[in-house]
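Student: I am new to this structure. Please take me through one part of it closely, and show me how that part sits among its surroundings.

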Amino acid sequence: MAPDQVLLSGGEARETADEITAQTGQNLRRIRTRRGYSLDRLAKIAGVSRAMLGQIETGKSSPTLTILSKIALALGIPCAALIAERGETPIVAVPRAKSKILASSDGRFQTRALFPFEGERKVEFYELRIAPHHTENADAHQHGTVENLVVAQGTVEIIAGRQAPHILGEGDAVIFDADVPHLYRNMTGTEAILYLVTTYLEDVRV
């Protein structure tokens with residue numbers, strides 16, 4: 001085999017190895033965050049140092065088979081899932097008839113999950129419906145939780161902790177730290193409809 005052919009083959013092998021290392025890091029971070037694990041939590045469960053996990057996720061280190069096996073076992077996935085190329089994410093439909101609906105206060109406050117309710121995630125999307133003149137009190141969520149609301153119908157008052165009240169009309173939005181007690185008050189004689197995006201800290205569920 002000619003020398004230039006050997007160099008070309010070696011270069012291709014190096015490029016392939018780098019691609020696998022980068023892909024493994026991307027897969028690890030994606031799966032870890034979907035599981036709701038912080039780096040510290042995964043390090044403890046897998047028996048792999050936090051520093052090593054960080055290097056793998058950033059593509060700075062290629063894990064040995066032993067380390068890969070420990071990580072996969074901790075995440076409950078096959079090793080192949082960490083090194084496989086990521087395919088297209090399937091579209092998941094959530095029909096209204098099959099939506100998860102939670103009601104409180106004798107049905108005067110309803111939340112409908114606009115996402116597949118099973119599993120863990122860092123961001124959740126809900127439709128809220130508040131009966132006329134009803135006030136719904138919510139307990140403080142876990143530390144670092146943030147709520148982003150937009151009013152689609154009605155006029156709603158929002159109070160979070162000791163902050164001043166905010167009155168929102170149709171189309172108005174607000175964002176606030178929801179790790180304090182807060183309330184939603186429908187100020188009108190008709191049903192109010194809001195849409196809520198709740199965001200959790202990366203390590204909030206560990």
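**The core and the strands around it**

Tutor: Start with the largest nonpolar core, which has 20 residues. Leu128, Leu149, Ile158, Tyr184 and Leu194 have the most contacts inside this core. Keep in mind that the model is predicted. Several elements give two or more residues to the core: strand 2 (109-113), strand 3 (123-130), strand 5 (146-153), strand 6 (156-160), strand 8 (173-177) and strand 10 (192-199). A second core, separate from this one, has 17 residues. Leu28, Leu42, Val48 and Leu68 are among them. In soluble globular proteins, nonpolar side chains tend to be buried together.

Now pick out Tyr184. Leaving aside residues up to four places away in sequence, Tyr184 touches Phe109, Leu128, Ile130, His134, Thr135, Glu136, Ala138, Glu147, Leu149, Glu157 and Ile158. Leu128, Leu149 and Ile158 are on that list, and they are also among the residues with the most contacts inside the largest core.

Next, look at strand 9, which covers residues 182-186. Is strand 9 enclosed or open to the outside? Four of its five residues are buried, so strand 9 is largely enclosed by the rest of the structure.

Strand 9 belongs to an open sheet of four strands. The order is 4-9-6-7, and the pairing is antiparallel. Strand 4 (135-138) and strand 7 (166-168) are the edge strands, and each pairs on one side only. From one strand to the next, the twist averages 20 degrees. Strands of a sheet pair through backbone hydrogen bonds, either parallel or antiparallel.

Go through the partners of strand 9. On one side, strand 4 is joined to strand 9 by four bridges, and the two run antiparallel. Ala138 has His182 as its bridge partner in strand 9. Asn137 stands opposite Leu183 in strand 9. Strand 6 also pairs with strand 9 in the antiparallel sense, over five bridges. There, Ile159 has Leu183 as its bridge partner. Leu183 thus faces Asn137 and is also paired with Ile159.

Move on to the other sheet. This open sheet has six strands in the order 1-2-3-10-5-8, again with antiparallel pairing. What is found at its edges? Strand 1 and strand 8 stand there, each with a single partner strand, so one side of each is left without a neighbour in the sheet. The twist averages 20 degrees from one strand to the next.

Strand 3 is a good place to follow the pairing. Strand 2 and strand 3 pair in the antiparallel sense, with five bridges. Ala113 has Tyr126 as its bridge partner in strand 3. Strand 3 and strand 10 are also antiparallel, and their pairing runs over eight bridges. Val123 stands opposite Thr199 in strand 10.

Now the largest pocket. Its volume is about 340 Å³. The lining has 19 residues. Phe109, Thr111, Tyr126, His141 and Leu196 are the closest to the centre of the pocket. Strand 1 (101-104), strand 2, strand 3, strand 4, strand 9 and strand 10 each give two or more residues to the lining. Two names return here. Phe109 is one of the residues that Tyr184 touches. Tyr126 is the bridge partner of Ala113.

Look next at a loop. Pro132 is found between strand 3 and strand 4. Pro132 is partly exposed, with a relative accessible area of 31%. Leaving aside residues up to four places away in sequence, Pro132 touches Arg108, Asn186, Thr188, Gly189, Thr190 and Glu191. Take Thr188 from that list. Pro132 and Thr188 are 56 residues apart along the chain, yet their C-alpha atoms are separated by 5.8 Å.

Finally, step back to the whole protein chain. The secondary structure comes to five helices and 10 strands. Of the 206 residues, 35% are buried. Take the contacts between residues at least 6 apart in sequence: 64% of them join residues at least 24 apart.

Definitions and conventions:
Residues are numbered from 1 along each chain as its sequence is written. This is a predicted model: local features need pLDDT of at least 70, side-chain atom pairs count only at pLDDT 80 or more; totals for chains, interfaces and linings use all residues. Side-chain values use heavy atoms; hydrogens and water are left out. Two strands pair if DSSP finds at least two bridges between them. Axes are lines fitted to C-alpha atoms, for helices over the stretch in contact, and angles run from 0 to 180 degrees between N-to-C directions. A nonpolar core is a set of buried Ala, Val, Leu, Ile, Met, Phe, Trp, Tyr and Cys residues joined through side-chain atoms within 4.5 Å. Buried means under 20% relative accessible area, exposed over 50%, partly exposed in between (1.4 Å probe, protein chains only). Contact means heavy atoms within 4.5 Å. On a 1 Å grid over the protein atoms alone, a cavity is a set of points where a 1.4 Å probe fits but cannot get out, and a pocket is an open set with protein on both sides within 12 Å along at least five of seven lines; lining residues have an atom within 4 Å of a point. Grid points are joined across faces, edges and corners, and a volume is the space filled by probe spheres set on the points.
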